[in-house]
Protein chains: 2
Amino acid sequence: MGTVTGKVLPQPTRDEIRVETVLQALADPVRLRMVAELANSAEPIPCGHFDVEVGKSTVTHHVRTLREAGVIEVRQVGTARASTLRKDDLDARFPGLLTGVLSGVD
Amino acid sequence: MGTVTGKVLPQPTRDEIRVETVLQALADPVRLRMVAELANSAEPIPCGHFDVEVGKSTVTHHVRTLREAGVIEVRQVGTARASTLRKDDLDARFPGLLTGVLSGVD
DNA sequence: TACGTAGTACGGTCGTCATCGAACCTTTCG
DNA sequence: CGAAAGGTTCGATGACGACCGTACTACGTA
């Protein structure tokens, strides 16, 4: 518990994260919902466990978009891919952005 | 001084502003630049004075998008339309969002 | 009145992206 | 081994939106 094992999939470093890309990633309603779920979850969330009404391959697409934007970190755990929110990195890079966005969800 | 005259064009009230719409509005690079200009400007900015490289009618489009999202307020001043950032409303509704976004611009 | 200024409205084009289904891969387990 | 679980990849489709130019309106002024 707590510590997640497995390899981290490629992602931008903290200082490579660009606000424009992050905003584009968060602008989609499905992805915004995913981010909100991650923010409210103590545990990492596998691709198939997001509560969204889109097909499997679409979830794959959204997870990749969020990862490449630097919003989430994805680890390979067995056959599963567990996502976590990169809260520390986002807070360091764009202080207040994440909490501001999350305050407006639901 | 400071006070801007003229009629305010239709816009959402503070509590009608939705985070999803705001994010979509900010996700465009041209609009993000406009918002940054407004944040750095003491005076309202007329449509024709934004430092962006798009045509007139496109600026109209972006100004309308930002206004309808609740990001800016637009007043009719003679033949001009002066835009200002709705900083108070955005800060009240989504604390930290605006400053977080602006910290990542330029 | 005629003109310049500031911006909108309209019609159209083009590119991007969200979505899906089907096929495929890999690990786990009976 | 065979099958199920969990995701990815591919190709296609459909919708939205950024952009432009032209035509138009409203206001101010020489």
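DNA strand C is surrounded by 19 residues in this predicted model. The closest are Gly55(A), His61(A) and His62(A), along with Lys56(B) and Thr60(B). Of the strand C atoms within 4 Å of the protein, 65% belong to sugar or phosphate, and the rest belong to bases.

**Polar contacts to DNA strand C**
- His62(A) places a polar side-chain atom 2.3 Å from a phosphate oxygen of the strand.
- Thr60(B) also has a polar side-chain atom 2.3 Å from a phosphate oxygen of DNA strand C.
- Lys56(B) addresses a base: one of its polar side-chain atoms lies 2.8 Å from a base nitrogen.

**Make-up of the surface near DNA strand C**
- Chain A gives two or more residues from each of α2 (29-40) and α3 (56-69).
- Chain B does so from α3 (56-69) and β4 (80-85).
- The most comes from α3(A), with four residues.
- By class, the surface residues are ten polar, five nonpolar and four charged.

**Strand pairing in chain A**
- β4 (residues 80-85) pairs with β2 (residues 45-46) in the antiparallel sense, over two bridges.
- In that part of the chain, Pro46(A) stands opposite Ala82(A) of β4(A).
- β3 (residues 72-77) also pairs with β4(A) in the antiparallel sense, here over six bridges.
- Gln76(A) has Arg81(A) in β4(A) as its bridge partner.
- Two residues lie between the strands of the β3(A) and β4(A) hairpin. Gly78(A) takes a positive phi near 65° in this hairpin.

How values were computed: Residues are numbered from 1 along each chain as its sequence is written. Chains are lettered from A and ligands numbered from 1 in the order in which they are written. This is a predicted model: local features need pLDDT of at least 70, side-chain atom pairs count only at pLDDT 80 or more; totals for chains, interfaces and linings use all residues. Side-chain values use heavy atoms; hydrogens and water are left out. A residue is near a molecule or strand if one of its heavy atoms lies within 4 Å of it. A polar contact is a pair of N or O atoms within 3.5 Å; within protein, one must be able to donate a hydrogen and the other to accept it, and residues adjacent in sequence count only if both atoms are side-chain atoms. Ala, Val, Leu, Ile, Met, Phe, Trp, Tyr, Cys and Pro count as nonpolar, Asp, Glu, Lys and Arg as charged, and the others, Gly among them, as polar. Two strands pair if DSSP finds at least two bridges between them.
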